[in-house]
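Thanks for coming, everyone. I would like to take you through a structure that may be new to you, and I will go through it one site at a time.

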Amino acid sequence: MADPKGFLNHDREAARTRPVAERVRDWSEVYVPGSLLPIIGTQASRCMDCGIPFCHSGCPLGNLIPEWNDYAYREDWPAAQERLHATNNFPEFTGRLCPAPCESACVLGINQQPVTIKNVEVSIIDKAWETGDVVPRVPERLSGRTVAVIGSGPAGLAAAQQLTRAGHTVAVYERADRVGGLLRYGIPEFKMEKRHINRRIEQMRAEGTRFRTGVEIGRDLKATDLRRRYDAVVIAAGSTTARDLPVPGRELLGIHQAMEYLPLANKVQEGDYVTSPISAEGKHVVVIGGGDTGADCVGTAHRQGAASVTQLEIMPRPGEERNPASQPWPTFPMLYKVTSAHEEGGERVYAVSTTRFEGDEEGRVQWLHLAEVEFADGGFTPKPGTGRRIPAQLVTLAMGFTGTDRENGLVEQFGLALDERGNIARDADFQTNVPGVFVAGDAGRGQSLIVWAIAEGRSAARGADRFLTGASDLPAPIRPTDRSLAV
Ligand SMILES: Cc1cc2nc3c(=O)[nH]c(=O)nc-3n(C[C@H](O)[C@H](O)[C@H](O)COP(=O)(O)OP(=O)(O)OC[C@H]3O[C@@H](n4cnc5c(N)ncnc54)[C@H](O)[C@@H]3O)c2cc1C
Ligand code: SF4
């Protein structure tokens with residue numbers, strides 16, 4: 001245990017963010033560089049090294065949190081990073097982006113502020129990169145077996161790294177021009193700078209993983225050909241079919257899916273464009289959808305110089321405190337969240353629904369009509385007399401995703417069965433109904449989180465390894481049905 005009185009003597013202190021006026025003028029991460037390390041030992045000392053560490057069960061990866069808290073407190077960074085990597089291939093992604101269900105489950109959270117687990121995680125891994133402790137782990141011998149991974153998001157990358165380290169020859173197929181999935185083209189630079197992905201890819205290449213970008217399985221290469229070429233396949237193609245809003249005026253110019261808008265802003269940061277072809281500059285922006293994707297649109301619009309940003313959410317505004325009756329500790333509570341993008345400005349409107357869009361004579365959207373709603377009989381009903389319109393010259397739809405892409409033929413060509421929610425069905429080994437074909441991440445789970453994608457990638461890798469060799473030493477943190485404290 002780091003310090004038996006740490007939690008009594010020290011309050012929680014989280015990472016500091018840069019002033020809003022400064023950070024909306026650039027795309028760098030919002031945190032003050034170097035501000036975390038001086039406080040992290042004290043913060044790690046707040047960990048009580050619980051006999052039953054609920055943080056473990058809160059984390060889908062089963063991270064060994066009290067162990068690395070102790071090493072961080074003692075400044076034994078090599079040991080801390082070894083413990084971190086024992087359960088997580090990419091702690092620099094989760095340390096920046098995870099909603100931290102471990103912190104919601106932390107025992108200290110019963111009557112105090114929980115340990116800053118996520119900040120400790122990111123400090124350890126950033127230190128490890130800085131000191132050169134993150135090195136390629138090349139397999140001692142090759143198995144002679146080959147695996148194709150479809151998709152290079154966190155699930156595909158985790159599966160590929162695990163299988164490469166197990167000695168298999170792995171190729172990752174990615175339809176986009178760069179590797180990373182939603183880490184690369186969904187999540188904006190100000191939440192995670194893409195250099196973190198690039199150096200992981202370099203590590204993976206040095207370990208032997210091969211990457212083939214610009215190849216869409218189903219279209220550019222038939223699934224059946226891939227199946228013939230490789231001994232096993234892991235599908236980690238994500239859940240990329242976006243939910244639409246079929247109301248009058250949807251066809252007007254200036255209304256885009258969030259995943260049409262965000263990738264272009266990320267491509268500007270990659271140097272592909274000088275300015276985004278879909279820019280918020282000078283426009284009244286409305287973001288439909290109150291979740292993380294919506295918040296990413298809000299932060300992006302601020303940086304592009306929007307005239308105003310309004311975010312709409314159909315659900316009522318959640319509470320600021322955990323409701324012990326409906327969301328008791330240690331479950332992950334649905335709370336009112338102020339993300340860094342919300343700190344930067346804009347307005348959030350709850351319990352409203354869009355009824356139609358109105359455009360100008362050139363067919364460009366100008367107004368969004370909405371009405372307040374109430375929840376009754378399992379649906380939302382507009383309240384009479386609450387209709388109004390707000391200016392909307394750019395609208396982004398961030399209302400979630402309904403499943404893996406069905407247009408490229410991948411599901412049909414493999415002959416994959418789907419589950420009742422329309423995701424690719426799998427058994428306890430993450431194997432689909434087709435022997436030797438596995439599925440991990442959002443493609444099998446439905447729209448979820450990075451931490452689940454990594455956990456699933458690791459588990460599917462074990463399933464594939466067992467299929468190829470009859471046994472596996474790779475860890476399997478989860479089963480497909482795990483929901484871990486309901487995140
Ligand atoms: C805007 C946005 C912000 C988010 N922010 C967060 C966050 O802050 N924290 C968090 O935990 N989660 C966040 N999420 C959710 C998280 O990004 C996903 O749950 C996670 O990326 C899923 O990983 P995956 O590997 O399963 O799929 P993805 O990351 O979607 O990757 C799938 C990849 O497969 C490729 N692909 C698909 N079909 C084919 C094919 N036929 N052939 C070849 N390649 C193919 C796609 O191009 C893509 O690169 C966010 C999601 C979005 C959309
Ligand atoms: S639950 Fe919180 S205090 Fe207990 S071991 Fe985990 S991080 Fe430490």
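Which residues are the closest to ligand 1, and how many surround it? Before I answer, please keep in mind that what you see is a predicted model. There are 34 residues around ligand 1, and the closest of them are Leu97, Glu174, Lys191, Ile217 and Asp442. If we sort that shell by class, we find 18 nonpolar residues, 10 polar ones and six charged ones.

Let me turn to the polar contacts of ligand 1, and begin with Glu174, where a side-chain N or O atom lies 2.6 Å from an oxygen atom of the ligand. The backbone takes part as well, since a polar backbone atom of Leu182 is 3.0 Å from an oxygen atom of ligand 1, and a backbone N or O atom of Ile450 is likewise 3.0 Å from an oxygen atom of ligand 1. As for how much of the ligand is covered, ligand 1 taken alone would expose 1000 Å², and the protein buries 96% of that area. The elements that contribute two or more residues to this shell are α10 (154-165), β2 (169-174), α15 (292-304) and α19 (450-469).

Now to the second ligand. Around ligand 2 we find, among others, the cysteines Cys47, Cys50, Cys55 and Cys106, together with residues including Met48, Pro53, Ile65, Asn69 and Ile117. The element that gives the most to this shell is α5, with three residues, and by class the shell has 10 nonpolar residues, one polar and one charged.

With cysteines in view, how many disulfides does a search of the whole structure find? The search finds zero. Cys102, for instance, is in no disulfide, and the nearest cysteine sulfur, which belongs to Cys59, is 5.9 Å away. Is Cys102 buried or exposed? Cys102 counts as buried because its relative accessibility is 8%, which is under the 20% cut-off. Cys106, which we met beside ligand 2, also counts as buried because its relative accessibility is 8%.

Finally, I would like to look at helix α3, which covers residues 37-44 and whose buried residues are Ile39, Ile40, Gly41, Gln43 and Ala44. Where do these buried residues pack? They pack against α5 (65-73), α6 (77-87) and α9 (117-130), and α5 is the helix that we have just met as the one giving the most to the shell around ligand 2.

Definitions and conventions
Residues numbered from 1 in each chain as written. Chains lettered and ligands numbered in written order. Predicted model: local features only at pLDDT ≥ 70, side-chain atom pairs only at ≥ 80, totals over all residues. Heavy atoms only, no water. Near = heavy atom within 4 Å. Polar contact = N/O pair within 3.5 Å; in protein donor to acceptor, adjacent residues only side chain to side chain. Areas by Shrake-Rupley, 256 points an atom, 1.4 Å probe, with all protein chains shown as cover. Helix = DSSP H or I, 4+ residues; strand = E, 2+ residues; numbered from the N terminus. Nonpolar A, V, L, I, M, F, W, Y, C, P; charged D, E, K, R; others polar. Disulfide = S-S within 2.5 Å. Buried < 20%, exposed > 50% of the residue type's maximum accessible area, 1.4 Å probe, protein only. Contact = heavy atoms within 4.5 Å.
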